[in-house]
Every structure is written in structure tokens, then in C-alpha cells.
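Grab a pencil and work through these exercises with the model open beside you. Each task comes with a solution in steps.

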Amino acid sequence: MITSTSNERIKWVSRLQTLRKERDIQEVFVTEGMRMLREVPKDRLLSCFCTESFLRRYPWIEDTANRLEHGLELVSDKVFDKISDTKTPQGVLAVVKREHFVLDNYINDKSFFVILENIQDPGNLGTIVRMSEAAGVDAVITGSGTVDVYNPKTIRSSMGSIYRMPVIYSEDLLSTVEKLKNKSINIFAATLDDSTKYYSCDYKKPTAFVIGNEGNGLTDEMIALSDFNINIPMSGEVESLNAAVATSILCFEAARQRGK
């Protein structure tokens with residue numbers, strides 16, 4: 001059992017939890033909790049850490065981890081608190097290998113994308129990833145201004161969809177949108193400026209919704225690139241919706257039109 005927070009393996013996990021650069025270099029991420037462990041694709045599970053109390057409650061975890069290089073790594077409660085990102089940890093976490101997705105593989109005559117510009121809240125991003133799987137989105141595309149999809153809070157909010165939903169990072173989001181336009185994919189910008197009610201548009205053709213920052217919306221450059229500006233009509237004095245809520249409304253309307 002590992003009882004010291006100075007252990008090199010513990011330091012390794014702590015760096016992965018807190019440093020995006022480390023996750024990017026090693027191409028891995030950390031996931032916590034029993035449900036998230038159960039859903040990890042077997043070929044992507046790299047390491048598994050748990051407390052003695054968790055092992056007593058769920059002995060099946062040994063079978064899950066026995067093929068790993070380091071096996072199941074038992075840690076003390078104090079050590080687990082050090083490597084956990086949650087306030088009330090369940091006592092188990094895993095290091096998971098990323099899967100790489102190529103945008104060109106999802107471009108066709110039925111393409112359905114969500115493009116995120118400068119989304120800052122990790123909970124919003126995780127919820128959008130989860131919702132995108134449910135609505136039949138082909139891929140979520142993010143740029144440098146959006147929070148890391150492998151942020152621990154994003155992983156938790158995705159509720160397992162992070163294992164299945166393609167999330168593609170673009171170094172130059174505007175160029176990516178231009179590429180999609182050139183492939184005859186309609187770009188719909190969610191904005192209040194000079195816009196049409198979202199339910200009056202046709203999403204049966206190749207479609208990409210562009211969603212902007214929670215407070216500032218989309219940049220002028222992104223709006224200028226888009227083919228259509230759309231809005232979600234609201235009552236009362238509400239000025240805007242949570243980014244995940246707005247994305248869900250748009251995506252499920254597209255799913256409805258597409259018969260999904």
C-alpha cells in the first residue's frame with residue numbers, strides 16, 4: 001500500500017490532475033468514481049488507484065486492474081485525498097489513455113457538429129459533451145480559448161460520454177470553420193445580433209452550431225464567418241441562457257428534424 005504523498009506514482013497522478021501540459025504530453029487523463037471506472041474502455045485503462053475500504057466494498061476491481069503494468073495500486077485514505085479532485089471522493093480513480101479523432105473522418109453529407117469558441121466553464125463543457133452524444137452529434141470541436149476537455153471537472157460532468165464522444169481540438173478555430181464551409185456544411189452562429197429564430201431553420205443538411213463564451217458570446221470574426229445567425233426566443237427579462245442549455249435546445253431541434 002502507498003502511504004506517502006511523496007511517492008513518485010502519487011506525484012505523477014497529482015500532476016495529471018492539475019496540469020494540462022502534463023496531460024497533453026502524456027496523452028492521458030484522470031477519471032474518478034466507480035461508474036466512470038466501469039465505463040472505461042479496457043484497452044485504454046492504464047493505471048488504477050483505490051483505497052482499502054473501496055476494495056472491501058467492490059472486490060471486482062481487482063479483476064479489472066490485474067492486467068495493468070502496476071496492477072491495482074492500493075493507497076491510504078490520506079494519499080487518496082491528495083490525488084482526488086473531488087470533495088467527497090469515492091476512493092477509486094484511473095488514468096486513461098486518450099483517443100485521437102480526425103475531423104475529416106466525420107465530414108459527409110449528414111455531418112452534425114458543435115463548435116465551441118471560448119467556453120470557460122468546465123461543467124458547461126462536460127455537459128455539452130454528454131448532451132452531444134445524446135443528440136447524435138458527430139463531433140464537438142474546441143479551440144485554444146476553450147477550457148481543456150480533460151479537465152477533471154469536465155470529465156465528471158460528461159458522465160462517461162468523454163469515452164465515446166469525439167472531441168476534436170483545433171489550433172485555429174476560424175480556419176476550421178472555413179474548412180467546414182468549403183465542405184458545404186452550414187454554419188449556424190448562436191447570437192442575438194441580426195438573427196433568426198432557431199426553429200425556423202433547416203438542419204437536415206450538413207450542420208454545425210457555433211456556441212460562444214458564456215458572458216461575451218461569439219467573436220465578431222466567428223459571426224462574420226457563419227452562414228446563418230440564430231437565436232432562442234426568451235420571455236421575461238432573461239438576457240441569455242447557460243451555454244450548455246442553449247446548445248442542448250439547438251441540437252435536439254436538429255435531432256428532431258433529422259428523425260433521431
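**Exercise 1: strand β2 and its partners**

In which sense do β2 and strand β3 (residues 72–75) pair, and over how many bridges?

*Solution.* Keep in mind that this is a predicted model.

Step 1. Put β2 beside β3: the two pair in the parallel sense, over four bridges. To find one of these places, go to F49, whose bridge partner in β3 is E73.

Step 2. Now look at β4 (residues 92–97), which pairs with β2 in the antiparallel sense over five bridges. Here F49 stands opposite L93.

Step 3. Ask how enclosed β2 is. Taking "buried" as under 20% relative accessible area, six of the seven residues of β2 (residues 45–51) are buried, so the strand is largely enclosed by the rest of the structure.

**Exercise 2: the seven-strand sheet**

Work out which strands sit at the edges of the open sheet of seven strands.

*Solution.* Step 1. Write down the order, which is β7-β6-β5-β10-β8-β11-β9, with parallel pairing.

Step 2. Read off the ends: β7 and β9 (196–197) are the edge strands, and each pairs on one side only.

Step 3. Zoom in on the β9 end. β9 and β11 pair in the parallel sense over two bridges, and T196 has I230 in β11 as its bridge partner.

**Exercise 3: the nonpolar cores**

Find the residues that touch the most other members of the largest nonpolar core.

*Solution.* Step 1. A reminder first: in soluble globular proteins, nonpolar side chains tend to be buried together.

Step 2. The largest nonpolar core holds 49 residues, and I61 and F209 are the ones that touch the most other members. Helix α11 (residues 243–257) gives the most to this core, with six residues.

Step 3. Follow F209 outwards, skipping its neighbours within four places in sequence: its contacts include F112, F113, F188, Y203, I230 and L250. I230 should ring a bell, as the bridge partner of T196.

Step 4. Don't stop there: a second, separate core has 20 residues, among them I141, L180, I223 and L225.

**Exercise 4: the pockets**

Describe the lining of the largest pocket, then do likewise for the second largest.

*Solution.* Step 1. The largest pocket has a volume of about 500 Å³. It is lined by 24 residues, and the closest to its centre are A190, T191, L192, G217 and S240.

Step 2. Sort that lining by class and you get twelve nonpolar, nine polar and three charged residues. Helix α11 turns up again, giving the most to the lining with three residues.

Step 3. The second largest pocket holds about 300 Å³ of space. Of its 16 lining residues, R98, V149, Y150, V167 and Y169 are the closest to the centre.

Step 4. Here the classes come out as seven nonpolar, three polar and six charged. β7 provides the largest share of this lining, three residues.

**Exercise 5: the cavities**

How many cavities of 30 Å³ or more does a search of the whole structure find?

*Solution.* Step 1. The search finds two.

Step 2. The largest cavity has about 50 Å³ of space, and its lining includes F29, R44, E99, Y150 and V167. By class, that lining has seven nonpolar, no polar and two charged residues.

Step 3. The second largest cavity has about 30 Å³. Q17, V30, T31, E32, P152, I155 and R156 line this one, with β1 (28–32) and α8 (152–158) each giving two or more residues.

Notes
Residues numbered from 1 in each chain as written. Predicted model: local features only at pLDDT ≥ 70, side-chain atom pairs only at ≥ 80, totals over all residues. Heavy atoms only, no water. Core = buried A, V, L, I, M, F, W, Y, C linked by side-chain atoms within 4.5 Å. Buried < 20%, exposed > 50% of the residue type's maximum accessible area, 1.4 Å probe, protein only. Contact = heavy atoms within 4.5 Å. 1 Å grid on protein atoms, 1.4 Å probe; cavity = no way out; pocket = protein on both sides within 12 Å on 5 of 7 lines; lining within 4 Å. Points joined across faces, edges and corners; volume = space filled by probe spheres on them. Nonpolar A, V, L, I, M, F, W, Y, C, P; charged D, E, K, R; others polar. Pairing = 2+ DSSP bridges.
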